[in-house]
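Work through the exercises below with the sequence and the model open. Each task is followed by a solution in steps.

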Amino acid sequence: MDEKYTGDNLTKGEMYFGSRETYQMVVLRGVVVFPGQTYTVDVGRDKSLQALNRAMETNKSLFVVTQKNRSAVNPAPKDIYRVGTLVKIKQIIRTSAEYVRAVVEGVERMEIDGFVSILPFYEVSLKKFAEEESDPLMLKAVRRNLFEQLDEYRKFDSKSVVDLQTMSTALPDDEKFIAVSSTVFFSDYKDRQELLSQNSVYKQLEFIYKKVVEECELKAVEKRIATKVRMNIDKNQREYYVREQIKVLRDELGEGESEFDEYKKRIEEKDLPSYAKEKLLKELSRMEKMSVTSPEASVSRTYIDLVLSLPWNECSKDNRNLKKAEKILDEDHYGLEKIKQRIVEYLAVHTLTENLKAPILCFVGPPGVGKTSIVASIARATDRKLVTMSLGGVRDEAEIRGHRRTYVGALPGRIISGMKNAQAVNPVFLLDEIDKMTSDFRGDPSSAMLEVLDPNQNFKFSDNYLDMPYDLSKVMFVTTANTVDTIPTPLLDRMEILELSGYTYEEKLQIAKKYLLPKQIEANGLSGLKVTVPDEVMSEIISRYTRESGVRNLEREIASVVRKLAVKYVNRGDKEIKSFKVTKKDLAEYLGAPKYKNDSMNTDDEVGLATGLAWTSVGGTTLNIEVSLISGGKGEIKLTGSLGDVMKESCHAALTVIRSRAEQYGIEQDKFTKYDLHIHVPEGATPKDGPSAGITIATAIMSAMSGRKVSKNVAMTGEITLRGKVLPIGGLKEKSLAAFRSGVRTIIIPRDNEKDVADLPSEVKDNMTLVYADTIDDVFGVALI
């Protein structure tokens, strides 16, 4: 047929312009024909009927192929698979006016080479299907594996396999076996098409083998499920009859109450809010209708037990004796006067107003300053139960609010669990490390904490598991944090912040003498001996072996000393020894070489060397800043000492301030262009940054430029503006203590920090001169000689 058709449904690559023999094509819907097998197909589309009739008239073979989408009514060439089967038409039977049933026999796999026409029917040119030669050894192996797997499949479905295996062992080739397998194992026409398109016998048999293995596994799982279901049904029926018999026997004998009666009695006796009692009775009614062993009954039973075990109106009696409370707080902790005073204030207000709403306090400070231990003292001073909950690393909102009971393994939140353990509605509830909560795809726990820590909302706290309001308004929540920077602002707004900035040397000495040393003597079995550690020895441990704001490492060092004494006592075997005295010489033996050197002030007044003050997470420290002029330069500035961005900016700002005041202090302008300026902060391995070094840098630069020395007895802290104004800073307490320890007796601070002087330790205020600076000129007037 030389007539060509070009239409919208044919692409250039699909059109055929040759004289090769062509065949009529019938597109089948959901049917895949294999060579070597006879099929009955129903034909109803006009194109297919005309193609079938033309093939019968010309006595030619017919090409049948499957369409990709079974629901397509009039498939285009792009909707048709390329690989199909050339068939012989054996018989045609007209079943109705619209449909014809054709019996065809698959002859050979072929592949569409091109479309000759698509109207009035499909006519295509074909090419031989490119089939690879199979490795005989691999073919033999896959046949063996396949037949063994068929034996396994027969155990699950013997009806469909008997004829298949009998045929497969009798046939001389694999063609009919593959055809039969396609109808037995592949229900999806897409899988059958994939089998037809495999380009070697080995790949076809391997494809069938994979499918048989998959079917065997599926059948095995189905069998296990069916067996388990039958066993459960039999077990439930048997238990039902036994329970009914037990119920009848109990009624006949007049013996005790059933489980449901006991629950109902407990619900009526428990002092519950009306909504809680109503919900429990409803849950109990549901549970009565369930099988005792059913999972739903177990969930209901656990829920009822939890609600009944929670305190709803049980309230512990507060200690209202303020003197007793103050005594307990003083016994447990040295210092921390603000916190102690706040607790006493709460007890006083509670005594006068009978208002049970408790404050929500947040203790903020570095590690080891006693944030957690003071909460235990608060509970003891108020005679309340203590509940502790660590929030470090919590990232799931369900940790706070609980899981909904629809989830398998659902649990109440840790707030409700803590209240259950407290068995009182007014415990002291410690939320430790609140600054270390995180969030992810499971929710934001800090948002859930907003309801917990809001006095205007927590009287009806909603836990997902409890599914009813619970009153937390009588709970005294106390939180701890190392910093407020990572606490969300809405959450921070709900808490009263009390800062624990760290202990002074004198406070650490008193804590070590009154608390830490006696505690370690008892813990290490030396309570029958007198262990003396003089103040100068304890001060040496504090200053040379620890560097922290708190006393945690100090306690470890004291424990190490006491353990060495215990070893000595046991080794001597002399029970007459009644006392030990630790000297400074003993520290090297007990604790090794000192870990830290004491900060000390500079030995001489020098040009270009100023002493600054810095805040660190373990307290304050002194910070020397050195400035040198380098002749033959171009006015460049060189910064060394691992300075952060803020300090680098302070250096540039300080230089600008000095240049603007050069004439005032007799500095020649060409110095700024003929000399390079090198600013260095010693201990370069330690990163340094912060906004309070501005006046120190400016003083060192002014000293280097003017040749005037800086007093060794002066330390300073404060930031400056380009106009020379001195800005306020933080951490004044820690910085002043660092200056005091180093031997400096004059410190320069911003005028705006005058309000913070009242909080400074008495040893600082009594022994040091505080100079308040408004501008950098005030600083130069004191620091430069």
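**Exercise 1. A buried acid**

In which strand is the place of Asp432? Then describe the surroundings of Asp432.

Solution. The model is predicted, so local features need pLDDT of at least 70 and side-chain atom pairs count only at pLDDT 80 or more, while totals for chains, interfaces and linings use all residues. Residues are numbered from 1 along each chain as its sequence is written, and side-chain values use heavy atoms, with hydrogens and water left out.

Step 1. Asp432 lies in strand β9, residues 428-432. Helices (H or I, at least four residues) and strands (E, at least two) are DSSP runs, numbered from the N terminus.

Step 2. Asp432 is buried and has no salt bridge. Buried means under 20% relative accessible area, exposed over 50%, and partly exposed in between (1.4 Å probe, protein chains only). A salt bridge requires a side-chain nitrogen of Lys or Arg within 4 Å of a carboxyl oxygen of Asp or Glu.

Step 3. The nearest side chain of opposite charge is Lys371, 6.8 Å away. Lys and Arg count as positive, Asp and Glu as negative; His and the chain ends are not counted.

Step 4. Contact means heavy atoms within 4.5 Å. Leaving aside neighbours within four places in sequence, Asp432 contacts Thr372, Met389, Ser390, Leu391, Gly392 and Thr480.

**Exercise 2. The nonpolar cores**

Find the residues with the most contacts inside the largest nonpolar core.

Solution. Step 1. A nonpolar core is a set of buried Ala, Val, Leu, Ile, Met, Phe, Trp, Tyr and Cys residues joined through side-chain atoms within 4.5 Å.

Step 2. The largest such core has 52 residues, and Phe363 and Met538 have the most contacts inside it. Helix α19 (residues 552-572) supplies the largest share of this core, 7 residues.

Step 3. Not counting residues up to four places away in sequence, Phe363 touches a set of residues including Ile339, Ile374, Val478, Leu498 and Leu500. Lys371 and Thr480 are also among the residues that Phe363 touches.

Step 4. A second, separate core has 51 residues, among them Leu272, Cys362, Val425 and Ile434.

**Exercise 3. Salt bridges**

How many salt bridges does a search of the whole structure find? Examine three of the pairs.

Solution. Step 1. The search finds 31 salt bridges.

Step 2. Glu57 pairs with Arg54, with the closest N and O atoms 4.0 Å apart. Because the two are 3 residues apart in helix α1 (residues 46-58), about one helical turn separates Glu57 and Arg54. Glu57 is exposed at 63% relative accessibility, whereas Arg54 is partly exposed at 33%.

Step 3. In the pair Asp471 and Lys474, the closest N and O atoms are 3.1 Å apart. Asp471 has a relative accessible area of 27% and Lys474 one of 24%.

Step 4. Asp535 and Lys513 form a salt bridge at 3.4 Å, N to O. This pair links distant parts of the chain, 22 residues apart: Asp535 is in helix α18 (residues 535-545) and Lys513 in helix α17 (residues 505-523).

Step 5. Glu283, Arg286 and Arg405 are linked in a network of salt bridges.

**Exercise 4. The whole chain**

State how many helices and strands the protein chain has, and what share of its residues is buried.

Solution. Step 1. The protein chain has 26 helices and 26 strands.

Step 2. Of its 785 residues, 46% count as buried.
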